[in-house]
Amino acid sequence: MNSATDATQNQTFESALKARADAMADACTRCGKCVEVCPATEAAGLTVAERQDPVEVISGIIDIVRGEVGNAAAEKWASGCLLSGECVKACDYGVNPRFLLYMARIAMSHRKKDAAAERRAGFDAYRLVGRDVAHISQIQLDDALLARLGQGSKGAGAKGKAPRAAGEKPDFVFYTGCNVLKTPHIALLALDVMDALDISYEVMGGPSHCCGIVQMRAGDVATSGRIGENSIDKLAQSNTKTVLSWCPSCQMQFSDTTLPTVEKLRGSKLFEMTPFTLFVHKQLDKLRPLLREPVPMRIALHRHPGVRGVVEAAEEILSAVPGIEIVDLDQPAVGLQSNNLRVLPEFRKQLQLAELAAAEAAGVDALVAIYHSDHRELCAHERDYPFRIMNLYEIVGISMGLQYDDNYKRLKIMQDADAILADCADLVQKHGLDPATTRLAIQAMLDEQPAPLRGS
């Protein structure tokens, strides 16, 4: 065995991740273009003088990644990163500045907390995700639909309708991530679209297939690596070596961070991860004949550009639906998804309020989101505005004759945790849920309201 192989085998996930970050820091020319194009620098608190010296800002990021102090402007930029990805597009040297900002935030966490505190923070965040996903999904779905989404004792590895022989691998694994299970109608429509396209797939997701992002955000790299590797091994079960991802956070965590690090550790890449909407866009010629029913609506698309090409793909898919007219509200498109704007809460609130006002002024029939977190944050506004809040695949589904009730929106519009708990009492009892814990999950759902409702 040669020394290079020895070195690879002796690496841990942490050391391999650090080596990747160091190599990318070395490759950075510090030209500052990534800072110049970032849509969040002002909102993140960088002064005019700091924004006018982008070289100093990115140099500070490199210093932080290397374990040095950096500078105040770099810390503000890293802390306020919305994962928009404009920096990645701007780099001419193959560097991923978004990944460097991620690594800078982890280094900053290490300076503030010891390893035990980071582990506790990661565990607490993971526990809350598990609680909320389990309870919010189970107050909406029966056992059969939970199983279809890969949840419950009989749900692991739920299969699509396309036939395949016993023991044969599916063409694709559909990876839900965790939080889309709170808005299960969206995930179920995605599965129906694949069934209609006669695609062989297997469903995996939920906290048992965690991508490790909540632990990584807390600075607990070791636990994130273990969880991520475990999920990667479970997901590597398709003939095409392709995983279709729903969640943009999972897509970024795996594609920017975990998969390249595991590839460095193991010497091979187990699969490619493709965002679901990009996959559907590639199937558009097969999908068009299935879009039979006209959907006469003027709609505006809620945009987040963090995963390259997804917004454009969504627009083309919607444009293929007969009767749809897309209205441009001329609003900023920033961030990976709404949830990632939480690091700048006032900025997030103002963006959403401005978009809602623009949609009202434009007289649209619906404001249409792509991702689940956008839907969760926006849907209750349907109570107060003269247009609907919908998901992209609800529009596609209507045209295909597919439809599910949006129980998440119905419940959230109620704006009363006790009333919601009473409304769902039959499913709470059926699933053996603890009412007090369920109420906590319901309250967390109601608290996720960045832009206040009118009259609140």
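Start by selecting β8 and β9 in this predicted model: 4 bridges join the pair, and the two strands run parallel. To see one of the contacts, pick Ala 369 on β8 and look across to β9, where its bridge partner is Asn 391.

Now add helix α19, residues 372-378. With β8 and β9 on either end, α19 completes a β-α-β unit, and the unit is right-handed.

Stay on β8, residues 366-369, and show its side chains. Are its faces covered or not? Both are: Ala 366 and Val 368 sit on one side, Leu 367 and Ala 369 on the other, and all four are buried. That's under 20% relative accessible area, if you want the cut-off for a surface calculation.

Next, bring in β6, residues 297-301. Its pairing with β8 is parallel too, over 3 bridges. Click Leu 301 and you'll find its bridge partner in β8, Val 368, one of the buried residues you just looked at.

Keep β6 selected and turn to β7, residues 324-326. Here 3 bridges hold the two strands in a parallel arrangement. For a spot to zoom in on, try Ile 299, whose bridge partner in β7 is Ile 326.

Finally, show the whole set together. What order do the strands take? Reading across, it's β7-β6-β8-β9, an open sheet of 4 strands with parallel pairing. The edges are β7 and β9 (388-391), each of which pairs on one side only. Look along the sheet and check the twist: neighbouring strands are turned by 35 degrees against each other on average, direction ignored.

Conventions
Residues numbered from 1 in each chain as written. Predicted model: local features only at pLDDT ≥ 70, side-chain atom pairs only at ≥ 80, totals over all residues. Heavy atoms only, no water. Pairing = 2+ DSSP bridges. Axes fitted to C-alpha atoms, helices over the stretch in contact; angles between N-to-C directions. Buried < 20%, exposed > 50% of the residue type's maximum accessible area, 1.4 Å probe, protein only. Right-handed = clockwise from strand over helix to strand, strands pointing away.
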